[in-house]
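Work through the exercises below with the sequence and the coordinates at hand. Each task is followed by a solution in steps.

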Amino acid sequence: MNPSTNSPSCLPRIPWEDRPASCSDPVWRYSANPVIPRNLLPSSNSIFNSAVVPFNGSFAGVFRCDNKKREMNLNRGFSTDGFSWDLENSPIAWLCDDPEISRFQYRYDPRLLWLEDRYYLTWCNGYHGPAIGIGYTHDFQKFHFLENALLPFNRNGVLFPRKINGKYIMLSRPSDNGHTPFGDIYLSQSPDIIHWGEHRFVMGTKNGWQSTKIGAGPVPIETPEGWLLFYHGVLTSCNGFVYSFGAALLDLDKPWKVIARGAPYLLSPQMDYECVGDVPNVVFPCSALFDEHTGRIAIYYGGADTVTALAFARLDEILDFVKTTSDL
C-alpha cells in the first residue's frame, strides 16, 4: 500500500450541493435525503450513524447496520461519489488474537479516520456493557481488532487525526449501561493507542438543546483557529429525548480547553426521516468530509436511528457561527 494514495490529502471531489436560495442557515440538508435507506440490504432493519473516508480516489465507509434480529453490527461499503453506496450484506469479520475480547455482543456508531499509515476505527463495543473498541484496516479487506480502549460504560469514542504533543488523543462520553440520561465529553491520551490515561474534562451540558447529555460527533477538523468539533446534544422533552447537533472550537495544543462553543444548534430533527423511525427526533453526526481547498464540509448523519442522511456547510461560515454565538 502506498500511504500517499489513501491519505486525506488525496481527497476526491466530495459530495456537495449548493445551499438553497431559501436557506440562510450555516448547515443545510441534501435535497435527496436520505442517501442510504433503512432497507438497502436484504438483512437490514436500519442503516445509520456511520463513518465515511476517502479511499483509492473514491470513498469507503463503515456503517452501523442493525439486522432484522435487531443485532447491532458494522458492515463495510464503497461509493464512487459519496451519494450512492454499495454495502456488504454481511458484517465485517474482525481479526483478533484474543478470544476474551473477540466475542460478539454488539458493535455500533463507528468513527473512522486516516491516522499515520492506516485507517483506524472506533466504535461502541459490547464487552459486559458499552466500551470503546479500537481497530484498524489498511485496505478495507482485512480488519484488525486491537483492544477496548476504556472500561464500560462509555460511548462516542472519537480519535484525533494526528498526535498532539507526542500522544494519541481520544474523546469519549462516560455513560451507564442503559439509555444514559446524562453525559459530558472527556479526553484521554495514549502513547500507543492501547493504553489510555491522563483523562481531562472537555465540556458538559448546557441549557436548551444540549441540556441532558452531549457527545463527540465526527473526527475533529484541524483549522488555524483550533480543532473544529461537531457534537450532538440531547434535551429531554415531554415526549422523550431530542438529538440535535452543534459545534465548538478546541485549543490546538490543549484540546481539552474549549475556545468557543456555538450556543444555538446547527441542525435539529425537523424532516420526516429525522422525526419518524425506530427512535424519533434524532439527528446524529458521525462523519465529516472536509475539502481544505474549497472549504466545503459534507456531514453524514443518522436520521431517527433508521437512515443515513447528508448535510453541507462551509468552514468559514461554521467558524464564524461558533465564534459569534459562543456563550462560554
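**Exercise 1.** How many residues lie between β3 and β4 in their hairpin, and which residue in the turn has a positive phi?

Solution. The model is a predicted one. Step 1: four residues lie between β3 and β4 in this hairpin. Step 2: the turn residue with a positive phi is arginine 70, at about 65°. Step 3: the two strands, β3 and β4 (residues 72-79), are antiparallel and share eight bridges. One pairing to locate is phenylalanine 59 with its bridge partner in β4, serine 79.

**Exercise 2.** Describe how β2 and β3 are joined, then state how far β3 is covered.

Solution. Step 1: β2 (residues 44-55) and β3 run antiparallel, with nine bridges between them. Step 2: valine 52 has glycine 61 in β3 as its bridge partner. Step 3: two residues separate the strands of this hairpin, and asparagine 56 takes a positive phi near 50°. Step 4: β3 spans residues 58-67, and nine of its ten residues are buried, where buried means under 20% relative accessible area.

**Exercise 3.** Which residues touch the most other members of the largest nonpolar core?

Solution. Step 1: the core has 31 residues, and Leu171 and Trp196 touch the most other members. Step 2: strand β12 (residues 168-174) supplies the largest share of this core, four residues. Step 3: another core, of 24 residues, lies apart from it and includes Phe230, Tyr301, Ala309 and Leu315. Step 4: leaving aside neighbours within four places in sequence, the contacts of tryptophan 196 include Ile134, Leu150, Leu159, Tyr168, Met170 and Ser188.

Terms used:
Residues are numbered from 1 along each chain as its sequence is written. This is a predicted model: local features need pLDDT of at least 70, side-chain atom pairs count only at pLDDT 80 or more; totals for chains, interfaces and linings use all residues. Side-chain values use heavy atoms; hydrogens and water are left out. A nonpolar core is a set of buried Ala, Val, Leu, Ile, Met, Phe, Trp, Tyr and Cys residues joined through side-chain atoms within 4.5 Å. Buried means under 20% relative accessible area, exposed over 50%, partly exposed in between (1.4 Å probe, protein chains only). Contact means heavy atoms within 4.5 Å. Two strands pair if DSSP finds at least two bridges between them.
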